Amino acid sequence: MSHRVVIIGSGIGGLTAAIRLAQAGCNVTVLEARATPGGLASSLEFEGFRFDSGPYILLDRPGLEWAFEQLGLQIEDQLKLHRISEVYQIQTKEDAAVQIFDSVEKTADQIESRWPGCGARYRQFIDRTRASYLRLQPLQWMSRPSMTAIVKSGAWREIPFIFRSLSSVLRSARLSDEVTEALGIWTHVAGQTTTDAPSPLAMVPSMIHSIGAFYPSGGIGAIPTALYKIAVDLGVTFQFATSVKQIRCRDRHAVGVETEAEDFLPADAVISNVGIGTYLRLLDDHGREAIPARVYRHLTSLPLQSPGVCAYLAVKGKSTPPYLRFRSHDEPDGCRLLITPSVIDPDLIRDGWSPARLMAPMRHDRAEAGGEAGQQAFLKRVLAEEWWRQPFDDVRVLQTRIPKQWGSALHLFRNSMNPVMTGEFMRAGRLAHRSPWLYRLYLTGSATHPGQWVSFCAVSGVLTANELLKDGGN
């Protein structure tokens with residue numbers, strides 16, 4: 001196959017799509033507005049310390065393994081992955097600490113010692129959600145699961161579960177309020193409540209206990225670095241510092257991409273890694289006319305996820321587990337998070353100093369309403385809190401980012417990462433890999449997949465490329 005394919009964005013989805021298509025003989029060009037690949041999964045450096053640039057903090061190994069295997073790659077040949085034994089601790093508003101280990105026994109025993117009777121119920125909860133995960137997992141590897149696939153995989157048994165909210169699933173476990181809050185922390189990271197969040201987020205602890213949570217040597221940025229090298233070796237062309245002005249369309253077909261420099265790249269197919277911004281910002285007038293008005297109303301009504309605020313730190317003193325320290329908070333944004341990768345990878349320590357990140361979610365609507373001044377004020381309050389400094393002898397704040405700076409540095413649509421993964425969006429609102437309205441236009445990335453970890457973006461890129469190859473580029 002010699003189709004010309006232009007991919008907008010070199011995030012994880014764009015990279016895996018490029019590799020898959022290049023392996024199939026396509027002529028692939030990737031346009032990237034930044035100077036380096038990776039998007040929200042990239043890394044950056046301050047004072048010799050390397051940091052994960054974006055908000056990713058954990059790796060779902062099965063998703064990444066599946067994507068690598070589909071590309072004919074062995075993950076062990078490309079990345080060194082560390083399994084995390086002491087994964088996270090959350091300090092609740094009642095000042096009670098709940099710690100989650102990779103061992104279910106150790107976690108349950110710790111819970112039982114604080115809240116008698118909860119340990120056994122916690123094990124039962126993990127067993128139930130683990131069974132749900134195993135039945136639903138095969139659907140992650142499909143672009144649009146058919147009813148036949150749902151029946152064959154046994155996932156039909158999980159339909160009632162899928163239509164429940166996260167809060168409903170957690171309440172049914174009959175755990176203490178503190179443990180329930182600890183299990184629901186993953187939705188607070190996205191700035192949403194457990195009532196709005198989808199039920200599959202309840203499966204995260206069972207995944208941690210069974211499959212494990214992982215972190216790669218060199219940080220999350222090691223993943224796009226490895227994929228970029230593979231893509232280049234396959235002949236994929238990358239044009240960095242190249243912003244896209246619009247996707248040109250004719251007769252309901254995507255026919256190429258125009259850059260901000262007014263260069264035009266004709267294409268037999270276009271893949272966008274820009275999420276809903278593909279439809280709301282990038283289409284030319286002909287393309288926009290092909291999209292039903294109801295679709296625009298739906299897309300513009302979706303709540304967006306802000307990357308929040310972040311401080312990149314150099315910390316001195318012996319870093320002790322856990323890897324993640326959450327702090328619940330009364331503010332609408334819900335929590336704070338301290339990330340210390342040196343507890344996993346001691347090679348990061350230099351002369352007693354090591355890198356760390358302090359992050360706090362900020363609802364997108366609140367960030368936009370407050371503007372730059374409101375975002376900076378929120379960051380200042382987070383930095384003034386004492387709890388995150390306590391584990392260290394000394395701290396230096398090397399750099400900070402607010403949502404506006406995230407958006408500018410990473411060329412994010414409306415300073416957002418993607419639509420918030422609410423239950424409704426997971427079930428029905430995800431963007432299709434193959435555009436239903438414009439031929440030869442395809443989408444990839446977290447907005448097209450029911451999960452939003454970096455590994456799911458890798459899966460999405462493979463699925464997008466498979467859809468294009470199945471269509472023959474027509």
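1. A search of the whole structure, which is a predicted model, finds 18 salt bridges. Three of these pairs are described below, followed by a central strand, the nonpolar cores and a surface patch.

2. The side chains of R83 and D102 form a salt bridge with an N to O distance of 3.3 Å. R83 belongs to strand β5 (residues 81–83), whereas D102 sits in the loop between β7 (97–101) and α4 (104–114), so the pair ties together parts that are 19 residues apart in sequence. The two partners differ in burial class: R83 has a relative accessible area of 38% and is partly exposed, while D102, at 19%, is buried because the class requires a value under 20%.

3. A salt bridge also forms between R123 and D109, whose closest N and O atoms are 3.1 Å apart. The pair links distant parts of the chain, with R123 in helix α5 (residues 118–136) and D109 in helix α4, 14 residues apart. Both residues are partly exposed: the relative accessible area is 32% for R123 and 45% for D109.

4. In the salt bridge between R434 and E467, the closest N and O atoms are 2.8 Å apart. R434 lies in the loop between α18 (423–429) and β21 (441–443), and E467 lies in helix α19 (residues 454–471); the pair links distant parts of the chain, 33 residues apart. Salt bridges that share partners join R434, E467, K470 and D471 into one network. Within the pair itself, R434 is partly exposed, with a relative accessible area of 33%, whereas E467 is buried at 10%.

5. Strand β18 (residues 353–360) deserves separate comment. Eight of its eight residues are buried, so the strand is largely enclosed by the rest of the structure. W353, P355, R357 and M359 point one way from β18, and S354, A356, L358 and A360 point the other way; all are buried.

6. The pairing of β18 involves strands β15 and β17. Strand β15 (residues 309–316) runs antiparallel to β18 and is joined to it by eight bridges; K316 has W353 as its bridge partner in β18. Strand β17 (residues 335–339) also pairs with β18 in the antiparallel sense, over three bridges, and here L338 has L358 as its bridge partner.

7. The largest nonpolar core contains 143 residues, of which Y88, Y122 and L324 touch the most other members. Helix α19 contributes the largest share of this core, nine residues. Leaving aside neighbours within four places in sequence, Y88 is in contact with V98, Q99, I100, A182, L183, I185, W186, I208, P322, L324 and F326. Another core, of 19 residues, lies apart from the largest one, and includes L313, V315, A367 and F378. As general background, nonpolar side chains tend to be buried together in soluble globular proteins.

8. At the surface, M147, V151, W156, I159 and F163 make a nonpolar patch of about 550 Å². One of these residues, W156, is placed in the loop between α6 (147–153) and α7 (159–162). W156 counts as partly exposed because its relative accessibility is 43%.

Methods
Residues are numbered from 1 along each chain as its sequence is written. This is a predicted model: local features need pLDDT of at least 70, side-chain atom pairs count only at pLDDT 80 or more; totals for chains, interfaces and linings use all residues. Side-chain values use heavy atoms; hydrogens and water are left out. Patches are made of residues with over 30% relative accessible area and no salt bridge: like charges are joined within 9 Å, nonpolar side chains (Val, Leu, Ile, Met, Phe, Trp, Tyr) within 5 Å. Accessible areas come from the Shrake-Rupley method with a 1.4 Å probe; for residues, only the protein chains shown count as cover. A salt bridge is a side-chain nitrogen of Lys or Arg within 4 Å of a carboxyl oxygen of Asp or Glu. Helices (H or I, at least four residues) and strands (E, at least two) are DSSP runs, numbered from the N terminus. Buried means under 20% relative accessible area, exposed over 50%, partly exposed in between (1.4 Å probe, protein chains only). Two strands pair if DSSP finds at least two bridges between them. A nonpolar core is a set of buried Ala, Val, Leu, Ile, Met, Phe, Trp, Tyr and Cys residues joined through side-chain atoms within 4.5 Å. Contact means heavy atoms within 4.5 Å.
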